Structure formats: C-alpha cells, structure tokens
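Hello,

Here is the structure I promised to pass on. Please have a look at it first, and then read on for what turned up.

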Amino acid sequence: MKAACGLCCAPLAWYQAVGQVLSALGGRRCIVGPCMWASAGADGDVFGVVGTRVDDFLSLGGESARWLEVGKKLQDTFRLTPWETGRF
C-alpha cells in the first residue's frame with residue numbers, strides 16, 4: 001500500500017523514503033537530530049549534511065565531487081526544483 005499526500009501515513013512514508021535514499025548514498029542519521037544525515041569519507045571527515053523538514057531539504061557541503069554526486073542523486077530521485085546556492 002502506498003501513502004498519498006494528505007493521508008495520516010504520508011509524512012512517515014516520506015521520512016522513510018528520504019532516509020532510505022540518504023542511507024543508500026552513504027549518509028548516517030544524526031543522533032541529535034533524526035531528520036539530519038551526515039555524509040563522511042572513510043577517514044571520518046564529514047563532507048556534507050542534509051536536513052529535512054516536511055518536504056524541504058537544507059544541504060550543507062562544499063564543492064567536492066562526492067558531495068555534488070549526493071546532491072545530484074537527491075535531485076534526480078525526488079525531482080527537486082533547482083537548489084539555491086550562495087551564502088545565507
């Protein structure tokens with residue numbers, strides 16, 4: 001059974017879908033914020049963080065090829081609008 005927008009199970013289904021995709025991309029759910037995932041290299045250095053709230057994403061990361069790949073896969077998977085970039 002699939003969740004549809006407006007149903008009580010839709011937010012949980014969205015949260016689980018996002019979690020599965022970010023985990024598959026190597027993200028680890030943050031202990032202090034279960035709606036945040038950190039991406040780190042084999043050396044343990046974090047190269048990006050994604051936070052979610054309902055259907056919004058906030059991503060923090062540099063210009064490394066690995067981080068750009070995570071962003072592209074997120075955009076392709078969820079058909080997101082172009083991301084705003086710059087200093088906020």
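Before we start, one term: two residues are in contact when they have heavy atoms within 4.5 Å of each other. Please also keep in mind that this is a predicted model.

Let's begin with the sheet. It is open and has 4 strands in the order β1-β2-β3-β4, paired antiparallel. Because β1 (27–29) and β4 (56–61) are at the edges and each have a single partner strand, one side of each lacks a neighbour in the sheet. From one strand to the next, the twist averages 25°.

At the β1 edge, 3 bridges link β1 to β2 (residues 36–40), and the two run antiparallel. In this pair, G27 of β1 sits opposite S39 in β2.

Helix α2 (residues 65–78) packs on the sheet, where it touches β2, β3 (46–53) and β4. The direction of α2 makes about 25° with that of β3.

What makes up the largest nonpolar core? It has 10 residues in all: V18, V21, L22, W37, F47, V50, W67, V70, L74 and F78. At least two of them come from each of α1 (10–24), β3 and α2, and α2 gives the most, with 4 residues.

One residue of that core, W67, is worth a click in the viewer. Leaving aside neighbours within four places in sequence, W67 is in contact with S39, F47, G48, V49, V50, S59, L60, G61 and G62. Among these, S39 is the residue that stands opposite G27, while F47 and V50 belong to the core as well.

Enjoy exploring it!

Best wishes

Methods. Residues numbered from 1 in each chain as written. Predicted model: local features only at pLDDT ≥ 70, side-chain atom pairs only at ≥ 80, totals over all residues. Heavy atoms only, no water. Pairing = 2+ DSSP bridges. Axes fitted to C-alpha atoms, helices over the stretch in contact; angles between N-to-C directions. Core = buried A, V, L, I, M, F, W, Y, C linked by side-chain atoms within 4.5 Å. Buried < 20%, exposed > 50% of the residue type's maximum accessible area, 1.4 Å probe, protein only.
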